[in-house]
Every structure is written in C-alpha cells, then in structure tokens.
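Colleague: I would like a close look at one part of this model, and then at its aromatic rings. Please take me through it step by step.

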Amino acid sequence: MEFTTLSVTAAQHVATVTLNRPDVRNAFNETVIAELTGAFRALGDSAEIRAIVLAGNGPAFCAGADLNWMKKMAGYSHEQNRADALGLAQMLHTIWACPKPVIARVHGDTYAGGVGLVAACDIAVSAEAAHFCLSEAKLGLLPATISPYVIRAMGEQAARRYFITAERFDAAEALRLGFVHAVVPADGLDAKVAELTAALVANSPNAVRESKRLVQDIAGRAVDDALLADTAERIAAIRASDEGREGVRSFLEKRSPSWRPA
C-alpha cells in the first residue's frame with residue numbers, strides 16, 4: 001500500500017506503523033484514519049507478520065485531531081459528523097480487533113484521540129517524559145469514539161475523572177492506572193519494545209491470536225455453564241490444532257517449536 005501520512009516497515013516478522021506527520025504532532029485527519037484502517041487490515045491478514053508496533057515520528061506520539069480537520073467538521077451537518085465519527089470508530093476497532101498483537105510505543109504528548117490509539121493496542125510502553133490528556137471536555141466535546149477502549153484500559157473510575165477534568169497526567173500515573181504496561185527512559189524505549197516483540201514472535205502465532213481473542217470474548221462475562229462450555233471448547237480445539245500438537249511435541253522432545261525463529 002502507498003501511504004502519505006504513515007511510514008510502514010517490516011523486519012523479522014514485526015511490522016512498525018509510524019504516524020508520520022511530525023509538523024502537526026501526528027494529529028490525525030480523515031486521511032490518517034483511512035490509512036491506519038487500511039494498514040492494520042493488511043498487516044492483520046499478512047502471514048509474515050506476527051506483531052505490530054504503533055509509533056509516532058517527531059516530538060509527540062499523537063496530539064489528537066488535526067486543527068484543519070476540526071475546522072472542517074465545524075461546518076458539517078449532523079449526518080456528516082456521524083459518518084466522520086464512524087470512520088474514526090471503525091479505525092480504532094480495526095486496531096483493537098487486529099488478529100496480531102499491537103504494541104504502542106509512546107513518547108511525548110498523547111492527547112485525546114491519541115489516548116484512544118494507545119488504549120486500542122494490546123500492550124503500551126511509554127517513555128518517562130510522556131504526558132497524556134483526554135482534553136475533549138475543554139473544547140465542549142466528548143471522548144465518545146475512544147471511550148470503549150479507554151475505559152477498558154484505565155478502568156471506570158479513572159476514566160470518569162479524566163474525561164470530566166481533562167487534566168494532564170504523566171507516564172507514572174498512566175502506569176499506576178494500568179493504562180500503560182511499562183515506563184522507561186526515552187533511550188530505553190526501543191529496547192523495551194524489542195524485548196516484547198521478541199517474546200511475541202517466539203510464541204505460537206495461533207496461540208497468540210487466540211489468546212488475544214480469548215481476553216476480548218471472556219472479559220466481563222458471567223461465570224456460568226455457557227462460559228465453562230466455551231472455554232472447554234477453546235482449549236480442546238487448540239490442543240488438536242497443528243501448532244498445539246507441535247508445541248507439546250517440541251516441549252516433550254526438548255527442542256524449539258517449528259514457528260520459533262532460529
């Protein structure tokens with residue numbers, strides 16, 4: 001695919017999708033949204049890719065919505081606004097539902113929709129100096145399309161606070177809330193991301209994909225007979241799968257499984 005707002009590279013089964021609008025702090029508009037949707041759909045379908053890193057070029061990870069895009073939206077009708085917002089909602093869902101694990105590599109400022117991008121990822125690693133802000137209420141707006149992912153990522157009580165106060169919070173607070181999984185010095189960011197991608201690539205691609213789906217499907221469900229049957233069916237199916245059989249055989253034979261890079 002050809003991109004004007006992103007840089008996409010791949011090496012050793014890992015793709016890196018980089019927001020590449022440093023002059024506007026990687027703020028997004030309709031083009032960014034369309035390109036992110038297309039990139040994650042393509043990478044999700046790629047047999048060669050086992051993990052995806054989402055990063056930003058320049059001083060910020062993502063400053064939220066582009067000002068020129070916001071000016072254009074100010075003149076939209078209700079239906080135009082709804083269609084525009086649905087595009088953003090679908091992009092976030094594409095990242096969240098991507099069959100490959102996604103790591104957010106966060107640095108600098110991460111505002112509004114940028115917070116939503118991080119929340120839609122499976123793992124988030126932040127530089128110590130990064131700051132976050134759900135700034136929509138300052139503008140008379142709502143963090144509506146990002147809310148399903150942000151609430152899941154930081155919890156209802158924290159979301160309630162930061163949605164209505166629009167306060168900035170730092171990486172240490174994001175870690176305390178569980179919104180990010182690790183905070184490291186800026187010069188250690190790439191090493192930490194590489195450590196995580198290496199762990200992902202070493203695992204069974206099918207097991208990683210099904211584990212991601214398992215969390216999404218099981219979280220919040222009642223522990224009842226239907227859930228017991230569902231989880232039993234999942235483990236039965238993966239035990240009988242090619243990778244499940246290979247994983248057990250390789251463990252018993254004390255060798256590396258076939259999917260693990262040499």
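In which helix is F251 found? And what surrounds that answer?

Modeller: Keep in mind that this is a predicted model. F251 sits in helix α11, which spans residues 242-252. Its relative accessible area is 66%. Exposed means over 50%, so F251 counts as exposed. F251 also helps to make a nonpolar patch on the surface. Its partners there are V248 and L252. The patch covers about 370 Å².

Now to the aromatic pairs. Ring centres must lie within 6.5 Å to pair. By this rule there are five aromatic pairs. One of them joins W96 and Y149. Their centres are 6.0 Å apart, and 55° separates the planes. That pair is tilted. W96 belongs to helix α3 (residues 78-97), and Y149 to helix α5 (residues 147-154). The two residues are 53 apart along the chain, so the pair links distant parts of it. W96 and Y149 are both buried.

Y162 and F169 make another pair. Here the centres are 4.4 Å apart and the planes meet at 40°. Planes under 30 degrees apart would count as stacked, and over 60 as edge-to-face. The angle falls in neither range, so this pair is tilted too. Y162 has 3% relative accessibility. F169 has a relative accessible area of 3%. Buried means under 20%, so Y162 counts as buried, and F169 is buried as well.

Y162 and F169 also belong to a cluster. Ring pairs link them there with F132 and F179.

Note on methods: Residues are numbered from 1 along each chain as its sequence is written. This is a predicted model: local features need pLDDT of at least 70, side-chain atom pairs count only at pLDDT 80 or more; totals for chains, interfaces and linings use all residues. Side-chain values use heavy atoms; hydrogens and water are left out. Helices (H or I, at least four residues) and strands (E, at least two) are DSSP runs, numbered from the N terminus. Buried means under 20% relative accessible area, exposed over 50%, partly exposed in between (1.4 Å probe, protein chains only). Patches are made of residues with over 30% relative accessible area and no salt bridge: like charges are joined within 9 Å, nonpolar side chains (Val, Leu, Ile, Met, Phe, Trp, Tyr) within 5 Å. Accessible areas come from the Shrake-Rupley method with a 1.4 Å probe; for residues, only the protein chains shown count as cover. A salt bridge is a side-chain nitrogen of Lys or Arg within 4 Å of a carboxyl oxygen of Asp or Glu.
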